[in-house]
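Student: I'd like a close look at one single part: please walk me through the largest cavity and whatever can be said about the residues around it.

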Amino acid sequence: MILTVFMLYLVVLGCSALLFFILMILLQSLSAQKINAEEPLFSRTEIEFVNSHPEAKPLDTGVKAVVLCSAQKQLAESVRHFSYAGERDCSLFFSMYDAEGDCTWSCIGFGDCMRKCPRDAIMIVNGTAEVTAACNGCGLCLDACPKHLISLVPKTDLECRRCAAPDGTRNGCSECGAVTKIPANTKKGFQFWQKCYKMIHRNTSEQ
């Protein structure tokens, strides 16, 4: 009985000490620093910096980029003439060769467009550039492709002819001339930064 009363006393004493800390120390410290929980998460200076940055500024283009070469393609080894071992630069390769195989309309896959994208919205899959959901349709990647394989399509389009070869072409590619779904891949980490971006602009609209 005495032990129970003593334990109860210790619990009450601990709760009282915690309450005293919150009321007398923590709140006074926050007040001295002028911290207000109702204030926006980001300062006005931070918001203005994001909004003024050309690469972070939101664009409502209504379009998205699509590479006219499917990353799902399979090329028969019999149509591959050589294996390029030089510098991995699309423009440099294209200045010397059309392609490693019979399909001269295929993506070179060395990432010139990927390095041009300010939103890091392009990745290389199966040796082919593929646009992810981070694309906002700015179009900066179009001129980066020496073969001009990147096109802008309406954002609402779910599929298209992801092949630049003329109709009737036969070049050993499994996806030649095929109409396929436009991939909506999300790069690792994009969802986290997308949430941060939305938080910033929610604060902007509330001011």
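Tutor: The largest cavity holds about 110 Å³ of space. Before we go further, this is a predicted model, in which local features need pLDDT of at least 70 and side-chain atom pairs count only at pLDDT 80 or more, while totals for chains, interfaces and linings use all residues. Residues are numbered from 1 along each chain as its sequence is written, and side-chain values use heavy atoms, with hydrogens and water left out.

What's a cavity here? On a 1 Å grid over the protein atoms alone, a cavity is a set of points where a 1.4 Å probe fits but cannot get out, whereas a pocket is an open set with protein on both sides within 12 Å along at least five of seven lines; lining residues have an atom within 4 Å of a point. Points are joined across faces, edges and corners, and the volume is the space filled by probe spheres set on them. By this rule you get three cavities of 30 Å³ or more.

Now the walls. The largest cavity has 16 lining residues, and nearest its centre are C90, C107, I108, C113 and C145. Sort the lining and you find twelve nonpolar, two polar and two charged residues (nonpolar: Ala, Val, Leu, Ile, Met, Phe, Trp, Tyr, Cys and Pro; charged: Asp, Glu, Lys and Arg; polar: the others, Gly among them).

Keep C107 in mind, as the second largest pocket has C107 among the residues nearest its centre, together with L75, R80, E100 and G127. That pocket has a volume of about 470 Å³, and its lining of 24 residues splits into nine nonpolar, nine polar and six charged.

Next, follow C113 from the cavity wall. C113 is one of the residues with the most contacts inside the largest nonpolar core, alongside V67, I122, A129, C141 and I150; the core has 16 residues. A core like this is a set of buried Ala, Val, Leu, Ile, Met, Phe, Trp, Tyr and Cys residues joined through side-chain atoms within 4.5 Å, where buried means under 20% relative accessible area, exposed over 50%, and partly exposed in between (1.4 Å probe, protein chains only). Strands β1 (63-67) and β3 (128-131) each supply at least two of its residues; strands (E, at least two residues) and helices (H or I, at least four) are DSSP runs numbered from the N terminus. I150 is a good spot to zoom in on: leaving out residues up to four places away in sequence, I150 touches A65, V66, V67, C113, C141, L142 and C145, and C145 is one of the residues nearest the cavity's centre.

C90 and I108 lead somewhere else. Both belong to a second, separate core of five residues that also includes Y84 and F93. In soluble globular proteins, nonpolar side chains tend to be buried together.

F93 takes us to the rings. There are six aromatic pairs in the whole structure (rings of Phe, Tyr and Trp, using its six-membered ring, with centres within 6.5 Å; planes under 30 degrees apart are stacked, over 60 edge-to-face, the rest tilted). Y84 and F93 make an edge-to-face pair, 4.9 Å centre to centre with 85° between the planes. F93 and Y97 are tilted, because their planes sit at 45°, with centres 5.3 Å apart. F93 is buried at 2% relative accessible area, while Y97 is partly exposed at 33%. Together with F82, Y84 and F110, these two form one aromatic cluster.

One last stop is S106, in the loop between α3 (90-94) and α4 (112-116). S106 counts as buried because its relative accessibility is 10%. Beyond its neighbours within four places in sequence, S106 is in contact (heavy atoms within 4.5 Å) with C69, K73, A99, K147 and L149. S106 is also 10.0 Å from V67, C-alpha to C-alpha, with their positions 39 residues apart in sequence.
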